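Q: I am new to this structure and would like a close look at its side-chain contacts. Please take me through the charged pairs and the aromatic rings one by one, and show me where each partner sits.

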Amino acid sequence: MQLLLVFFLVFSSCSSPQTEDIDAQASPGITPDKVLIVYLSRTNNTKAIAEIIHTKVGGTLVALELENPYPQNYRQIVDQVANENATGFLPPLKTRIDNIQNYDVVFIGFPTWGMQLPPPMKSFLRQYDLSGKTIVPFNTNAGYGIGSTFETVKALAPNSKILEGFTTKGGVERDGVFFVMEGEKERQAQEEISRWLKKINLAK
């Protein structure tokens, strides 16, 4: 019952503007053809952040899709994800990235689901060998923060350099608040992302 309550409090796409220090900064001079931006987005808030990052650093933009998509019904997806987290199930991905060895920097974007990293992003990190690459996490959530998401990224990519991540508040699906990355909120996100990318030496 408590687990379900946590999901209803925080399960949405997209946190108050903040960052979390994870590791050292990246080296400057990364070229766009060496940048991959992978994201998971249910209500398009994380997608919007991914697109802002893409406009500022270039690279290849890829949406994570599942072989068996989650149900549209909010309560059903909450229950399904809770079960996946409890059992350790990793949903198979429809998305295929055949040339991942060509990328040096991999941005990975995701919402906070139940204060945890979404199972599809765990699938991605398990499926691909990111050893030696620089990983840059970015997150959207319902206002309750990143939970254990960034630490899970670090645990699942132990041979990668993990840079400081970015997080911002997005929608609150539980309350029927879906896409919010527009107007003043979008302008605010643009400014915050620019400052963050400059701080980690990945701005153009």
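A: Let's begin with some ground rules, then visit the charged pairs, the rings and, last, one helix.

This is a predicted model, in which local features need pLDDT of at least 70 and side-chain atom pairs count only at pLDDT 80 or more, while totals for chains, interfaces and linings use all residues. Residues are numbered from 1 along each chain as its sequence is written, and side-chain values use heavy atoms, with hydrogens and water left out.

Now the charged pairs. Side chains of opposite charge can pair when their charged atoms come close. The rule used here calls for a side-chain nitrogen of Lys or Arg within 4 Å of a carboxyl oxygen of Asp or Glu, and it yields five salt bridges. One of them joins Glu67 to Arg96, whose closest N and O atoms are 3.2 Å apart. Glu67 belongs to the loop between strand 3 (60-63) and helix 3 (74-87), and Arg96 to the loop between helix 3 and strand 4 (105-111), so this pair ties together parts that are 29 residues apart in sequence. (Helices and strands are DSSP runs numbered from the N terminus: H or I over at least four residues for a helix, E over at least two for a strand.) Glu67 is partly exposed at 43% relative accessibility, and Arg96 is partly exposed at 48%. Here buried means under 20% relative accessible area, exposed over 50%, and partly exposed in between, using a 1.4 Å probe and protein chains only.

A second salt bridge stays inside helix 3: Asp79 and Arg75 are four residues apart there, or about one helical turn. Their N to O distance is 3.6 Å. An α-helix has 3.6 residues a turn, so residues three or four places apart point the same way. Asp79 is partly exposed at 37%, and Arg75 is partly exposed at 42%.

Another salt bridge brings Glu164 and Lys199 together, at 3.3 Å from N to O. It links distant parts of the chain, 35 residues apart: Glu164 is in the loop between strand 6 (161-162) and strand 7 (165-169), and Lys199 is in helix 6 (residues 184-199). Glu164 counts as buried, at 6% relative accessibility, whereas Lys199 is partly exposed at 43%.

Next come the rings. Rings of Phe, Tyr and Trp (its six-membered ring) pair if their centres lie within 6.5 Å; planes under 30 degrees apart are stacked, over 60 edge-to-face, and the rest tilted. The whole structure holds five aromatic pairs. Among them is the edge-to-face pair of Tyr70 and Trp113, with 5.6 Å between centres and 70 degrees between planes. Tyr70 sits in the loop between strand 3 and helix 3, and Trp113 in the loop between strand 4 and helix 4 (119-127), so the two tie together parts that are 43 residues apart in sequence. Tyr70 is buried at 12%, and Trp113 is buried at 2%.

Phe107 and Trp196 have ring centres 6.1 Å apart and planes at 80 degrees, so they are edge-to-face. Phe107 is in strand 4 and Trp196 in helix 6, 89 residues apart. Both Phe107 and Trp196 are buried, and together with Phe166 they form one aromatic cluster.

Finally, look at helix 5 (residues 149-156), whose buried residues are Thr149, Phe150, Thr152, Val153 and Leu156. They are on the same side of helix 5 because they cover an arc of only 160 degrees around the axis, taken from the directions from the helix axis to the C-beta atoms.
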